[in-house]
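Here are my notes on the model, set out as numbered points. They deal with ring pairs, a helix contact and the chain as a whole.

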Amino acid sequence: MNFTLKIWRQKDAKAKGAFETYKVENISADTSFLEMLDILNNNLIHEGKEPVAFDHDCREGICGMCSLHIDGRAHGPGDGATTCQIYMRRFKDGATIVIEPWRSAAFPVIKDLVVDRSAYDKILQAGGFISVRTNAVQDANNIPIPKAGCGACAATCKNGSAMLFVAARVSSLAKLPQGRVEGARRAKAMVAKMDELGFGNCTNTGACQAECPKMISISHIARLNREFLSAKFED
């Protein structure tokens, strides 16, 4: 399979970026999207050119670090999947594919397709935890808490809202008996930090749920609203 790639290139956060066009040829249909980018970069290196910077980690559909906007969709053409789970058989032979970084004010571009998502870390630091003694390690791991927060929701939302991310974290901790102790403080602190960092308001369109690779439901936003209102009444 052969493809034309229109990729966003940006030297650093202060530089003005632009799309550049590349060709990749003889790509197997079973090649993953990230492996295809590896092939492109290998070609660029052999040509003495700067490879394309893109983010990735596990390549197993777990971490969501592979934060690419592909043909206008967060993570690419698939439901409940991260970019590393997208295979080139999803595209037509000879297709032109547009690849961009997350487009959100709260996720500034670092280089090329890599964005700074530390805003999510700051929201978690504001209240996405429980302050209790966990005793031995095995006790701390008795109740598994699923990971969330690749950024697709905020990148997809036309307001750049982080409501689904915050709601998922608040909801997961609210269901734990240990999490109830700091429930009121947590909801207020995380929402306040989200607003402070420049994330927009929820649009109620459900775009975040549609593009979430873990298919997290917007019903969690309802729980976040309940937690937040309850906290306000306790003031």
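1. The structure, which is a predicted model, holds 7 aromatic pairs. Two of these pairs are taken up in the points below, followed by a cluster of rings.

2. How are the rings of Trp8 and Phe19 arranged? Their planes stand at 80° and their centres are 5.2 Å apart, so this pair is edge-to-face. The cut-off behind that label is an angle over 60 degrees between the planes. Trp8 belongs to strand β1 (residues 3-9) and Phe19 to strand β2 (residues 18-24), so the pair ties together parts that are 11 residues apart in sequence.

3. Are Trp8 and Phe19 buried or exposed? Trp8 has a relative accessibility of 14% and counts as buried, because the limit for that class is under 20%. Phe19, with a relative accessible area of 37%, is partly exposed.

4. The rings of Tyr120 and Phe165 have their planes at 0° and their centres 3.7 Å apart, so they form a stacked pair. Tyr120 sits in helix α2 and Phe165 in helix α5, so parts that are 45 residues apart in sequence are tied together by this pair. Both Tyr120 and Phe165 are buried.

5. Tyr120 and Phe165 also belong to a cluster: ring pairs link them with Phe107 and Phe199.

6. The two helices that carry the stacked pair also pack against each other. Helix α2 covers residues 118-127 and helix α5 residues 163-174. Their axes are 11 Å apart and meet at an angle of about 30°. Angles under 35 degrees count as roughly parallel, and α2 and α5 are therefore roughly parallel to each other. Their crossing is right-handed.

7. Which residues make the contact between α2 and α5? On α2 they are Tyr120, Ile123, Leu124 and Gly127, and on α5 they are Phe165, Val166, Arg169 and Leu173. By class, the residues of this contact divide into 6 nonpolar, 1 polar and 1 charged. Tyr120 and Phe165 are thus named both in the helix contact and in the stacked pair.

8. For the chain as a whole, there are 8 helices and 7 strands. The C-alpha atoms of the protein chain fill a box of roughly 60 × 40 × 30 Å along the principal axes. Of its 235 residues, 45% count as buried. Among contacts between residues at least 6 apart in sequence, 68% join residues at least 24 apart.

Technical notes:
Residues are numbered from 1 along each chain as its sequence is written. This is a predicted model: local features need pLDDT of at least 70, side-chain atom pairs count only at pLDDT 80 or more; totals for chains, interfaces and linings use all residues. Side-chain values use heavy atoms; hydrogens and water are left out. Axes are lines fitted to C-alpha atoms, for helices over the stretch in contact, and angles run from 0 to 180 degrees between N-to-C directions. Helices (H or I, at least four residues) and strands (E, at least two) are DSSP runs, numbered from the N terminus. Angles under 35 degrees count as roughly parallel, over 145 as roughly antiparallel, 65 to 115 as roughly perpendicular and the rest as oblique. A crossing is left-handed if the near helix is turned anticlockwise from the far one by less than a right angle, and right-handed if clockwise. Contact means heavy atoms within 4.5 Å. Ala, Val, Leu, Ile, Met, Phe, Trp, Tyr, Cys and Pro count as nonpolar, Asp, Glu, Lys and Arg as charged, and the others, Gly among them, as polar. Rings of Phe, Tyr and Trp (its six-membered ring) pair if their centres lie within 6.5 Å; planes under 30 degrees apart count as stacked, over 60 as edge-to-face and the rest as tilted. Buried means under 20% relative accessible area, exposed over 50%, partly exposed in between (1.4 Å probe, protein chains only).
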